[in-house]
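Here are a few short exercises to work through with the model open in your viewer. Try each task before you read its solution.

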Amino acid sequence: MTAKQALQDMITKAWETYAELSQEEIDGGYSDAMLSMERTEASGFAEGLTAAFTLIYNEQPVYDIDVELEALQ
């Protein structure tokens with residue numbers, strides 16, 4: 001596995017975590033402030049990894065996840 005592939009995998013896992021936390025927050029009726037904080041942290045982490053990938057490789061990463069991220073934001 002190359003460094004590029006490893007970073008791609010990290011980005012995919014980060015967005016999957018964000019999607020899971022977002023869905024939990026939606027299912028809970030937005031009543032848990034901790035889920036909101038965890039979701040916000042997960043989003044920032046995924047966005048940071050995506051930005052790093054873009055700066056390093058001068059291209060956008062390919063997301064390999066089944067969840068439509070725009071629907072969760």
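The exercises below go from the whole chain to one helix and then to one residue. Keep in mind that this is a predicted model.

**Exercise 1.** Describe the secondary structure and the contacts of the chain.

*Solution.* Start with the elements: there are 3 helices and 0 strands, in the order α-α-α from the N terminus on. Next, take the contacts with a separation of 6 or more: 70% of them join residues 24 or more positions apart. Finally, look at burial and surface. Of the 73 residues, 30% are buried, and carbon and sulfur atoms hold 54% of an accessible surface of about 4900 Å².

**Exercise 2.** Compare the span of helix H2 with the expected value, then find its buried residues and what covers them.

*Solution.* Helix H2 runs over residues 33–57, which makes 25 residues. From first C-alpha to last it reaches 36 Å, close to the 36 Å expected at 1.5 Å a residue. Now list its buried residues: Leu 35, Ala 42, Ser 43, Ala 46, Leu 49, Thr 50 and Phe 53. To read such a list, recall that an α-helix has 3.6 residues a turn, so residues three or four places apart point the same way. The cover over these buried residues of H2 includes helix H1 (3–27). Just after H2, Asn 58 has a positive phi of about 55°.

**Exercise 3.** Decide whether Ser 22 is buried or exposed, and locate it relative to Ala 42.

*Solution.* Ser 22 belongs to helix H1. Its relative accessible area is 1%; the cut-off for buried is under 20%, so Ser 22 is buried. Ser 22 and Ala 42 are 20 residues apart in sequence, with 9.5 Å between their C-alpha atoms.

Terms used:
Residues are numbered from 1 along each chain as its sequence is written. This is a predicted model: local features need pLDDT of at least 70, side-chain atom pairs count only at pLDDT 80 or more; totals for chains, interfaces and linings use all residues. Side-chain values use heavy atoms; hydrogens and water are left out. Helices (H or I, at least four residues) and strands (E, at least two) are DSSP runs, numbered from the N terminus. The expected span of a helix is 1.5 Å times one less than its number of residues. Buried means under 20% relative accessible area, exposed over 50%, partly exposed in between (1.4 Å probe, protein chains only). Contact means heavy atoms within 4.5 Å. Accessible areas come from the Shrake-Rupley method with a 1.4 Å probe; for residues, only the protein chains shown count as cover.
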